[in-house]
Structures are given as C-alpha cells and as structure tokens.
Amino acid sequence: KMTQQMRDLQLAQARKPPGPSSPNAAKRLYRNLSGKFRVNYTSFDEGSLVGRGEKEKLRKSYLFQSNAALFEAVELQDLDRVQEMLKHYSPEELDLNTPNSEGLLPLDIAIMTNNAPIARALLQAGAKESPHFVSLESRSLHLSTLVREAEQRVNELTAQVVNEAPNADCSEKEKQLKAWEWRFRLYKRMKAGFEHARVPDAPSSVHLSVASSSSLQVTFWEPLSVNSAVVTKYKVEWSCSPTFSPLLGEAVIDKLKDLHFTIQGLVSGTAYHVRVSAYNMKGWGPPQASTPPFAIPSNWREYDGRAPRRRGQAEALDHLLGQVKTVHQHCICHEPCKNQPQSRKHSVSKSLKHLFHPSSKFLKTLKRGLYLTAIFYKDDNILVTHEDQIPVVEIDDTYSCLLMQDFLWLTKVSCMWDEILWLRQCVTVSQSSCSCILQTRFKMLLAISQMQGLLGIQDLGQVFFEPIKDKQGNILIVTLKEVKTNQTFESVRWVPICKLQSSRKSVSSPEEPTALDTLLVSIQDKLAYHQRSSHALSAGLYLGYLKLCSAVDQIRVLVPEQLPNILCHVKIRSNPNVSREEWEWLQKMASVEEPVPTEPEADRSQNPLFQELQVAIKELMTLVNIPLQEAKDFRLYSQEVLDFGDQVSFLLLLPPSDDVCSAPGQNNPYNPRSGFLTLPLQIFELGEKR
C-alpha cells in the first residue's frame, strides 16, 4: 500500500510543477507564500465585491500550498516559521490534521524527531497524531516501510545519475536524488527517535478541588521527564475506591492549552479518588494520584440549605414593573399637565416648546443651570455636532443646586432608557402633588427625550458617577457610551478626540474653567473610567475589602480605579466554589472569634484554604496600605459567600465595626495609596449589577 502511495505521488509530481523538494526550496516557498498572503489579506476592499471575490480565489490558491509549506517547516525544524504560519492561518486553512501522502501529520514528524517546541506549538493549535497508528507495531512497521522505500528510491536515482550522460533529464534526476537523500535521512531520524523513546513519567503534580456540589476540578502539570517523546494527551480517571476498582469513569484530554479538567455529574457528599496519566507515542505512563487523595463534591450553601440571594430577583422586578405599567395604562402620550402651579407653568411650557419645535438643537454655551451631555465614543473618536460641539441639552435654567437624591434617581433611570416616554407620562400625571422634586425629575425626563430625539439613539449609556460643576453656577450631568460598530447619524458626526480638544477655544480663564472646558480636559479620564467599569473579573474566589465613608447626604465606598465596579480585592484562587468543609471551617473560626489568619500555624498547615487566605490577606493589606499587625483585629464576613454568577465569588474582609464606615472628619491614619477612588454607594451598586 505504501509503495502504491509513493508511485501515486511520483505520477502527481510528473503532471504538475514540482513542489519544494529541498530545504532551501521550502524556505523560499514559505517566504513567498506568507508575504503574499499577508499583503492580500490585509488589503481587502470592503466596498468592492468583485475585488473581494478575486482576492479570495487567490488566497485559496495560496492556502493549497500552505499545507505543504507547514510540513516542510516542521521537517526543517524551523520553529519561527511554524509559529508564523500558525499565527496567520487557521487549523482548517492549514489542513492541520489531514495526513499527507506518507500517512503522516505535522505533529507526527515533530514528536518522532523529538522537537518538543514545535510539537507544543502544534498541540496548542489543536494538532493531533495520525489515526493510522493504532498500535506500536503499526507505527514501527510504517516507519520501516518509509525508510526502506526512501532508500530504494535513492539507490535507483543514484544508478540513473551515474549511468546517464549529462543532459537536462540528468540534471533533474540529480535534484530528485538530493531531495530523496534528504528525506531518507529524515525518515531514519524519525525511526531512531521512535525506537529510543520510552513511555512518559507520571504527571509531576495533580491537584484536586471541589468545583460544585456535583463536580470536581482536576489540575495537573507535565511530567518532569518525558523520556525523549512529547506528551500528546492525558487521561483522568476517577473512582470511589482508593484502588480504582471498579473505575467509575475516565476522560482523555488531547487539547493541551490548559491542563485541567472538570469531572461533572458526581453525587454530592460522596468521596471520589482521582488519578492522571500521560501519553506519548510509546503509550501510557504510570498514573499520579491527586493531592488531596480524594474530594467530596459540595457547596457552602449545603451547610444551612440557603438559597441563592439573587434567585428570582430579575423575574420579581419585571413582574413589579408590569404591575406599575398596568396601573398607568390610562396615561395618554403627551398628556398636558393641568394642575401645575402657576409659578412652574411657564417653565414647563418653555421646555415642551423647546422639545417639539422644529428648531430644537444642541446648546453651544452654558448659562447658569442644569444640563445633560451625552458622550458617544469609538476607539479614539467622539460624536460631536456639526458645529464641533459635544451634544448638550438644557434640563433647567433656574436650577443652581443639584440635590444628590435627584442625581441618584437619574442614574437609576439610566437602566431603562427605552421607558423614558412612559416615565414622562407617569410623572406628568403625578405632578398634581405640586412636588418640587417631581418638577425637577420631569424636566430631566424631558431633557433625556430631547437628547434621544436629536441623536436618534435611545440608549444614552452609563451616567458618570459625579456631575461637573463650575463657579458660574453650571452643573453638567455626563452620560458615556461606547459604540462598537460603525454607525452614521444625521445631526452629529465622528471626530478624533485630540482634534476636538485642540480646536475648541476656551471661553473661560484657566483659574475658573466652565463645566464644558473641564469636561474636555478630563474626557480621557472619563472614557477610561467607563471602559474599566465594564471589565469583568476572571473566574475565581476573591478576597474583598469593604471600607465605607459617610458624608452629609451620601455614603461612599472605596474601589480600585482599574475596576471601579468591584470592591478592593485580591484573588485567592481560580476555583470560585467554597465547599461545605471549607465553610464549616470558616464558621468555626468565626464562632470562637479568632482573628483572621495572618501567620502560619502548624496544626492548620494541611488546610489549603487557610494557606490561601494567609497569602491573600497579606497581599490585600499591602494593597490598601494597612500594616499587617492591624489585620489581627479584622474579621471575615461569615454570613455568606458573595456569588456573582457561577464563575466569581467573594469572601469579605471587614475592619473592626467602628472603622467599617468613617464619619465626616474622622481621621484615618492608613490612607490607601494612589489608584483608588470612592463612589457613591448607589452608583457602585448599579455598576456591580451592569
């Protein structure tokens, strides 16, 4: 069969121009291929369907050659070129797992020549071994056949070159002879690599942890010695018996980007033993038992049968909102306000006229009052009006002092931009109470409707956590939204932020800048805050530090600038689950009023969570600039683990009860270093829920 494959290969070469037949030819092919591919790929003209079609055909012709180029790069042991091709081509484009005419895959060549770096790069990209090698004997026989036929071909070509007179055909045969000599040496090296290899050692370490009430997570590391052959897969086995008889299940892991596996579908409260073994081309190595030797699937909620805090909350809120809407179904759009006090009638009428008059437009300057501005950005560009102004509309020209409660109410409104019309109707009907607060909030809703109408956008984004104020009596509320796609708008256009900042002429002095000037100067900081506030934590268990400070009209919470939607924190471990055994230990520690663990103790050295908490507390105290000895008076919040979805959970570290919330004017000797800010508690809660 192999001889027939080689003959077919020779016939194919006779019908078409020869491919790379030597190391130098392979290098030239790859340089030409990768260079042309990159140029054509990045120069696609999105506006030309014809151009795209032609370039796609050209690209496919290069992809046909890319598979051969990858084989040559692996055979030449050229790691840089292999990595470059894996970067620019997908596994499908490279036919990464399609055998060549010799029945080999790129990974086969890499592992049999014992080229560990190239083999690891291929494994990371999803490469597999050839399915033709079903046993050690079949692999050995296949390699022997390749060596024998290559040697035979070399002998035939050598005889032809020696016996024929010099001519064009002889020159071509000399090239073929050099190529086959090189391939003969490659096959002999592969055969020797296979014969000298042995099965791998056991994985160097296997760590077992509880992932949930029905699953365990297994994390393992490569063997210290692979015995001259690269490990290509691992096997995880589990059983209720320490002897692994009977075996309850096993899983083979051949995607080696992350060496971990989660065993699903286990029975809560049952102990499971786990072991892991490694595989190379010589077979499976000995297994390595896990540390600890067994684990019991569980979750901290099983300690007292507590239900998740947020279960059903979203549904309950939707139901409540539906009930409120049902009560206000009699509202009519744009219903006039009949019971307004005379002192407010002119102001509201003016606002209504301004909203629906055809000449409604954005403001250019501020004239002592309350205003709303919307910042839309994409990359380094920002939306501005045709006069190169940031979109600004007036809320109230007679309002010189923004109450914190009104501002916090507006931040909650930002969670339902699509319901502004309905909210306006409800507030209009409610104005019979003659409440000044309702008058202000109604004007806020009018301004939001005006901004939405002028921009043609419903979602105005997230409200910045504090308004901008100036000494001229202006108050500017800022909303921020990142635009992910290319959109065009009628009344606004995109301009670079740097161009806007450099072209705007300030109408105020540097000592007393207007709110708009302050916005322009600080716009990069606000955009950075907005982007960071939408970042999510990676999966894991975290230790958070709760520190509050109170003012006359609000309570603020300490947060890191890099993640303002999360408390100050450090990561304890990658597994977010707290098992029942771990929670019982935490409860026991809290019941005897022990201080948080900052120093190691011999009798607790076997408790992994205790050790992890020691490291995390030291790191957290350094982060917030609190001496470690002060942490001895701190306590872990023992009422619950704070779960944020299925992948992130928090344990809270609390200062002494008298220091959890600092009163106005209270001296704090340990101020956090730079990189922190304090947010109003309601703003923080909204950010955490987004």
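Tutor: Before we look at this predicted model, one cut-off is needed: a residue is called buried when its relative accessible area is under 20%, exposed when it is over 50%, and partly exposed in between. With that in mind, consider strand 11, residues 392-396, where 4 of the 5 residues are buried, and which is therefore described as mostly covered under that cut-off.

Student: What makes strand 9 and strand 11 a pair?

Tutor: Two strands pair if at least two bridges are found between them, and strand 9, residues 370-378, is joined to strand 11 by 4 bridges, so the condition is met. The two strands run antiparallel, and within this pairing Y371 stands opposite E394 of strand 11.

Student: How do you know how far the model can be trusted, and what is the mean pLDDT of the chain?

Tutor: The mean pLDDT is 81, and 79% of the residues reach 70 or more. Over residues 1-50, however, the pLDDT stays under 50, although the model has 56 contacts beyond four places in sequence for them. Residues 333-359 are also below 50, with 38 contacts in the model beyond near neighbours in sequence. Where pLDDT is low, the predicted coordinates should not be read in detail.

Student: Why is N577 called buried?

Tutor: The relative accessible area of N577 is 5%, and since the cut-off for buried is under 20%, N577 counts as buried. This residue sits in the loop between strand 19 (568-573) and helix 18 (580-591), and, leaving aside neighbours within four places in sequence, N577 is in contact with V210, A211, S212, S298, N299 and E582.

Student: What lies 3.1 Å from a polar atom of the side chain of N577, and what makes this a polar contact?

Tutor: The partner is the backbone oxygen of S298, and because a polar contact needs a suitable pair of N or O atoms within 3.5 Å, the distance of 3.1 Å satisfies the cut-off.

Student: Is E75 buried or exposed, and how do you know?

Tutor: E75 has 6% relative accessibility, so it counts as buried. E75 belongs to helix 3, residues 49-75, and its side chain makes a polar contact of 3.2 Å with the side chain of R183. Beyond its neighbours within four places in sequence, the contacts of E75 are I109, W182, R183, L186 and R189.

Student: Why is P117 called partly exposed?

Tutor: The value for P117 is 45%, which is neither under 20% nor over 50%, so P117 falls in between. P117 is in helix 7, residues 116-124, where A116, I118, A119, A121, L122 and L123 are buried. P117 and L79 are 38 residues apart in sequence, with their C-alpha atoms 7.2 Å apart in space.

Student: What is found at the start of helix 7, and what just after it?

Tutor: At the start, a side-chain oxygen of N115 reaches to within 3.2 Å of the backbone nitrogen of I118, while just after the helix G126 takes a positive phi of about 100°.

Student: Why is strand 18 described as largely enclosed?

Tutor: Strand 18 covers residues 555-560, and 5 of its 6 residues are buried, so the rest of the structure largely encloses it. The strand belongs to an open sheet of 4 strands in the order 23-17-18-24.

Student: What makes strand 23 and strand 24 the edge strands, and why is the pairing called mixed?

Tutor: Strand 23 (661-662) and strand 24 (676-680) each pair on one side only. Strands of a sheet pair either parallel or antiparallel. Here strand 17, residues 548-550, runs parallel to strand 23 over 2 bridges, with C549 opposite S662, whereas strand 17 and strand 18 are antiparallel over 3 bridges, with L548 opposite V557. Strand 18 and strand 24 are likewise antiparallel, joined by 5 bridges, and L558 has T678 as its bridge partner. The pairing in this sheet is accordingly mixed.

Student: How many disulfides does the structure hold?

Tutor: The structure holds 0 disulfides, a disulfide being a pair of cysteine sulfur atoms within 2.5 Å. As for individual cysteines, C498 is exposed at 55% relative accessible area, whereas C568 is buried at 0%.

Note on methods
Residues numbered from 1 in each chain as written. Predicted model: local features only at pLDDT ≥ 70, side-chain atom pairs only at ≥ 80, totals over all residues. Heavy atoms only, no water. Buried < 20%, exposed > 50% of the residue type's maximum accessible area, 1.4 Å probe, protein only. Polar contact = N/O pair within 3.5 Å; in protein donor to acceptor, adjacent residues only side chain to side chain. Contact = heavy atoms within 4.5 Å. pLDDT = per-residue confidence, 0-100.
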